[in-house]
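Biologist: I am new to this structure and would love a guided tour. Could you show me the sequence and the model, and then take my questions one at a time?

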Amino acid sequence: MSHHFRLFAAIALALGAAGSADAQTAAPAQKKIYCWDEGGGRRVCGDALPASAVDRARTEISAKSGMTTGQVDRALTEEERSAAEQAAEVARRQAEAEAMQKRRDLAMVESYLTEDDLRRAYGERTTLLDETLKASRLGVVNLRLSLLSLLRQASDMELANTPVTRKLIDSIQRQHTELQRQRQILQAQEADRAALERELADSVRRYREMRQATGDATTATAPQAGSTPTTR
C-alpha cells in the first residue's frame, strides 16, 4: 500500500467520522402540533402556526408522542397591558409602603422600651390637641353668643319700626361668616383628634406585635441559662 493511498484513506475516515458527528448534532428539531381556537367555538390544529393565530392562546403537542409540551396564553390587548402595568405599579408601591412601615415599627420598638413610654409620647400630642379643641370650642360659643346678641338688636329695631342700620347688618354678616369658619376649623380638629386616637391604638397593636416578634427571636437565638457549651 503506497504512502499516498494510506493518506487518502485516513482523510476519508476522518471526514466520515466528522460527517456522522455533524449529522447527530444537527438532528432536526422535534415537530410540534399547534391547536388554537379560531373563534365561535371552532378548534383548529396543524403542524404550522399561521400568522393569524400567533397572538391566540394555543396548546403545543409533540407530534411524536402526542403529549402536550406547552401552553401559550393569548397576547394581551393594549388596554390589558396598561392595566397589568398599573397593577404591577400598585403592587410595587404597596410592597414599598409595607417595607417602610416595618422599618418604622422596628424603629418604634427600639425608641420606646415599654408600652407606657409609647403611650406617654402620644399623651403629649393628645394633651396639646385637647387644649386646642377646648380653646376652639370656647371661641365658637363666644362667637355664637355675640351673633345672637347682634340678631337680637336687629330684631328689637324692627319691632320698634326702626330701620336696621347698614353697620349692624355688616356686623351680623361678618359674625356669621366667622362663626362658620371657626366651626369648620373645630370639625377638622375633632377629626384630627379621632385620627390620633386610632393611630395610638394601631401603634400600640403594632408595638406589641413587633415586641413579641423581636422577643421571640431574641429568645430563640440566646443561649439558655445554665446550659453547658458543647465542645468538639
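Modeller: Gladly! One definition will help us first: two strands count as a pair if DSSP finds at least two bridges between them. Please also keep in mind that this is a predicted model.

Biologist: Thanks! In what pattern do helices and strands follow each other along the protein chain?

Modeller: The protein chain contains 4 helices and 4 strands. Read along the sequence, these elements give the pattern α-β-β-β-β-α-α-α.

Biologist: What is the order of the strands in the open sheet?

Modeller: Strands of a sheet pair through backbone hydrogen bonds, in a parallel or an antiparallel way. Here the pairing is antiparallel, and the sheet is an open one of 4 strands, ordered β2-β1-β3-β4.

Biologist: And which are the edge strands?

Modeller: An edge strand of this sheet pairs on one side only. That description fits β2 (42-46) and β4 (68-72).

Biologist: Which residue in β4 is the bridge partner of glutamate 60?

Modeller: Strand β3 covers residues 58-62, and 4 bridges join this strand to β4, the two running antiparallel. One of the bridge partnerships involves glutamate 60, whose partner in β4 is glycine 70.

Biologist: Glutamate 60 also forms a salt bridge; how far apart are the closest N and O atoms?

Modeller: The partner in this salt bridge is arginine 58. Buried means under 20% relative accessible area, so glutamate 60 at 11% is buried, and arginine 58 at 13% is buried too. Their closest N and O atoms are 3.5 Å apart.

Biologist: How many disulfides does a search of the whole structure find?

Modeller: Cysteine 35 and cysteine 45 form a disulfide, with their sulfur atoms 2.0 Å apart. This pair links distant parts of the chain, as cysteine 35 is in strand β1 (residues 32-39) and cysteine 45 in strand β2, 10 residues apart. The angle about the S-S bond is 115 degrees and the link is right-handed. For the whole structure, the search finds 1 disulfide.

Biologist: Is cysteine 45 buried or exposed, or does it count as something in between?

Modeller: Its partner, cysteine 35, is buried, with a relative accessible area of 6%. Partly exposed applies between 20% and 50%, so cysteine 45, at 46%, counts as partly exposed.

Biologist: Let's turn to the helices. How many residues apart are arginine 193 and glutamate 197 in helix α4?

Modeller: The side chains of arginine 193 and glutamate 197 meet in a salt bridge, at 2.8 Å from N to O. Arginine 193 is buried at 18% relative accessible area, whereas glutamate 197 is partly exposed at 42%. Both lie in helix α4 (residues 166-221), and they are separated by about one helical turn because their spacing is 4 residues.

Biologist: Which residues are joined into one network by salt bridges that share partners?

Modeller: Glutamate 209 and arginine 205 form a salt bridge, with the closest N and O atoms 3.2 Å apart. They too are 4 residues apart in helix α4, so about one helical turn separates them. Salt bridges that share partners make one network of Asp202, Arg205, Arg206 and Glu209.

Biologist: Last one: about how much accessible area does the nonpolar patch of Val141, Leu145, Leu148 and Leu151 have together?

Modeller: Leucine 145 lies in helix α3 (residues 115-159), and leucine 148 is found in helix α3 as well. Leucine 148 is partly exposed, with a relative accessible area of 33%. Together, the four residues of this surface patch have an accessible area of about 320 Å².

How values were computed: Residues are numbered from 1 along each chain as its sequence is written. This is a predicted model: local features need pLDDT of at least 70, side-chain atom pairs count only at pLDDT 80 or more; totals for chains, interfaces and linings use all residues. Side-chain values use heavy atoms; hydrogens and water are left out. A disulfide is a pair of cysteine sulfur atoms within 2.5 Å. Buried means under 20% relative accessible area, exposed over 50%, partly exposed in between (1.4 Å probe, protein chains only). Patches are made of residues with over 30% relative accessible area and no salt bridge: like charges are joined within 9 Å, nonpolar side chains (Val, Leu, Ile, Met, Phe, Trp, Tyr) within 5 Å. Accessible areas come from the Shrake-Rupley method with a 1.4 Å probe; for residues, only the protein chains shown count as cover.
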